[in-house]
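Trainee: Could we go through this model together and check the words we use for it?
Mentor: Gladly; let us set each term against its definition.

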Amino acid sequence: MEEALLSLRRWMSHGSPRQFYSEIAYKIEPRGYEAEIDGETVTCYRVKKQGGLLGIGARRVRTPVLVLTKKGASIEIDEEHADPEFVALLGELLKAH
């Protein structure tokens with residue numbers, strides 16, 4: 001997983017957090033994830049619907065799977081919210097670019 005995180009750091013360091021967000025947001029959405037940007041931080045979430053009956057009244061539950069923050073020239077990754085499955089998926093999606 002360390003190699004995949006290093007690769008993500010390289011991708012994000014090539015531009016601004018907004019560019020990184022724009023690059024990944026549309027790629028991860030069809031796979032049940034979504035991205036959000038707040039300042040210099042990009043957060044990715046796994047999105048699932050819970051509860052309800054036949055889809056009525058279900059609520060969306062968002063679980064953070066990756067948090068990247070650009071601080072100056074460095075990229076910080078919150079290891080607590082770095083889901084190995086998502087990191088591998090994102091690495092493959094960016095490699096295909």
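Trainee: How many helices and strands does the protein chain have, and what pattern does it follow along the sequence?
Mentor: This is a predicted model, and its protein chain has 3 helices and 4 strands. Read along the sequence, the pattern is α-α-β-β-β-β-α.

Trainee: What makes helix 2 and helix 3 roughly perpendicular?
Mentor: Helix 2 (residues 17-28) packs against helix 3 (residues 84-95) at an angle of about 105 degrees, and their axes are 11 Å apart. Angles of 65 to 115 degrees count as roughly perpendicular, so that is the term for helix 2 relative to helix 3.

Trainee: Which residues make that contact, and how do they divide into nonpolar, polar and charged?
Mentor: Helix 2 contributes Phe-20, Glu-23, Ile-24, Lys-27 and Ile-28, while helix 3 contributes Phe-86, Leu-90, Leu-93 and Leu-94. They divide into 7 nonpolar, no polar and 2 charged.

Trainee: Why are strand 1 and strand 4 said to stand at the edges of the sheet?
Mentor: The open sheet has 4 strands in the order 1-2-3-4, with antiparallel pairing. Strand 1 (33-38) and strand 4 (74-77) each have a single partner strand, so one side of each is left without a neighbour in the sheet. From one strand to the next, the twist averages 25 degrees.

Trainee: How do you know that strand 3 and strand 4 pair?
Mentor: Pairing requires at least two bridges, and strand 3 (residues 59-71) and strand 4 have 4 bridges, in the antiparallel sense. Thr-69 stands opposite Glu-76 in strand 4.

Trainee: Where do helix 2 and helix 3 lie on the sheet?
Mentor: Helix 2 lies across strand 1, strand 2 (41-50) and strand 3, running at about 165 degrees to strand 1. Helix 3 touches strand 1, strand 2 and strand 3 as well, and its direction makes about 65 degrees with that of strand 3.

Trainee: What makes the largest nonpolar core a core, and which residues have the most contacts inside it?
Mentor: A core is a set of buried nonpolar residues joined through side-chain atoms within 4.5 Å; the largest here has 23 residues. Those with the most contacts inside it are Phe-20, Ile-24, Ile-28, Cys-44, Leu-66, Phe-86 and Leu-90. Helix 3 gives the most to this core, with 5 residues.

Trainee: What is Phe-20 in contact with, leaving aside its neighbours within four places in sequence?
Mentor: Its partners are Leu-8, Trp-11, Met-12, Val-42, Leu-68, Leu-90 and Leu-94.

Technical notes. Residues numbered from 1 in each chain as written. Predicted model: local features only at pLDDT ≥ 70, side-chain atom pairs only at ≥ 80, totals over all residues. Heavy atoms only, no water. Axes fitted to C-alpha atoms, helices over the stretch in contact; angles between N-to-C directions. Helix = DSSP H or I, 4+ residues; strand = E, 2+ residues; numbered from the N terminus. Parallel < 35°, antiparallel > 145°, perpendicular 65-115°, else oblique. Contact = heavy atoms within 4.5 Å. Nonpolar A, V, L, I, M, F, W, Y, C, P; charged D, E, K, R; others polar. Buried < 20%, exposed > 50% of the residue type's maximum accessible area, 1.4 Å probe, protein only.
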